[in-house]
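The following exercises are meant to be worked with the sequence and the model side by side. Each one sets a task and then goes through a solution step by step.

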Amino acid sequence: MTKLRISTIPDSRPVKLTIELPAEIHRDLLLYAELVSEKAGEAADAIPDTARLVPLMVGRFMETDRVFQKQRRGRKPASAAGTTGVSNEG
């Protein structure tokens with residue numbers, strides 16, 4: 001059988017997380033959203049939802065963390081190893 005270039009389809013479903021932020025970080029996140037809106041030339045009432053900024057910020061943080069990227073390249077993803085990272089042991 002011929003080996004396909006794509007062997008599996010990765011799970012790309014979004015995962016919903018609920019977190020609590022310190023008030024100071026929330027204020028800074030709101031300010032960041034406002035600054036993004038101003039830079040884009042949008043109206044003041046068109047400030048983006050901060051929940052849409054968080055995944056972009058976390059993704060960018062991990063993308064630019066050199067130590068994380070080096071460690072990541074040396075490991076198999078949890079889904080490829082057949083685990084979910086969740087223990088069923090009590």
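**Exercise 1. Find what the side chain of Q69 reaches, and decide whether Q69 is buried or exposed.**

Because this is a predicted model, side-chain atom pairs are considered only at pLDDT 80 or more. Step one is the polar partner: the side chain of Q69 comes to 2.9 Å from the backbone oxygen of M62. Step two is to place the residue, and Q69 belongs to helix α3, which covers residues 66–73. Step three is to list the contacts beyond four places in sequence, which for Q69 are M62 and E63. Step four is the accessibility: Q69 has a relative accessible area of 17%, and since buried means under 20%, Q69 is therefore buried.

**Exercise 2. Identify the salt bridge of the model and describe where its two residues sit.**

Side chains of opposite charge can pair when their charged atoms come close. In this chain the count is one salt bridge, and the side chains that form it are those of R60 and E63, with an N to O distance of 3.1 Å. Both residues lie in helix α2 (residues 50–64), and because they are three residues apart there, about one helical turn separates them. As for their surroundings, R60 and E63 are both exposed.

**Exercise 3. Describe the nonpolar surface patch that includes L17, and classify L17 itself.**

The members of the patch are V15, L17, I19, L21 and I25, which together have about 530 Å² of accessible area. Within the chain, L17 is located in the segment before α1 (23–39). The relative accessibility of L17 is 70%, and because the cut-off for exposed is over 50%, L17 counts as exposed.

**Exercise 4. Classify V36 by accessibility and give its C-alpha separation from L53.**

V36 is found in helix α1. Its relative accessibility is 36%, which lies between the cut-offs of 20% and 50%, so V36 counts as partly exposed. Although V36 and L53 are 17 residues apart along the chain, their C-alpha atoms are separated by 9.6 Å.

**Exercise 5. Summarise the chain as a whole, and state how confident the prediction is.**

Begin with the secondary structure, which consists of three helices and zero strands, in the order α-α-α from the N terminus on. Turn next to the surface: the chain has about 9200 Å² of accessible surface, 57% of which belongs to carbon and sulfur atoms, while buried residues account for 8% of its 90 residues. Finish with the confidence, where the average pLDDT is 79 and 76% of the residues score at least 70. Residues 81–90 have a pLDDT below 50, and this stretch has one contact in the model beyond near neighbours in sequence.

Technical notes. Residues are numbered from 1 along each chain as its sequence is written. Side-chain values use heavy atoms; hydrogens and water are left out. Patches are made of residues with over 30% relative accessible area and no salt bridge: like charges are joined within 9 Å, nonpolar side chains (Val, Leu, Ile, Met, Phe, Trp, Tyr) within 5 Å. Accessible areas come from the Shrake-Rupley method with a 1.4 Å probe; for residues, only the protein chains shown count as cover. A salt bridge is a side-chain nitrogen of Lys or Arg within 4 Å of a carboxyl oxygen of Asp or Glu. Helices (H or I, at least four residues) and strands (E, at least two) are DSSP runs, numbered from the N terminus. Buried means under 20% relative accessible area, exposed over 50%, partly exposed in between (1.4 Å probe, protein chains only). A polar contact is a pair of N or O atoms within 3.5 Å; within protein, one must be able to donate a hydrogen and the other to accept it, and residues adjacent in sequence count only if both atoms are side-chain atoms. Contact means heavy atoms within 4.5 Å. pLDDT is the predictor's confidence in each residue, from 0 to 100.
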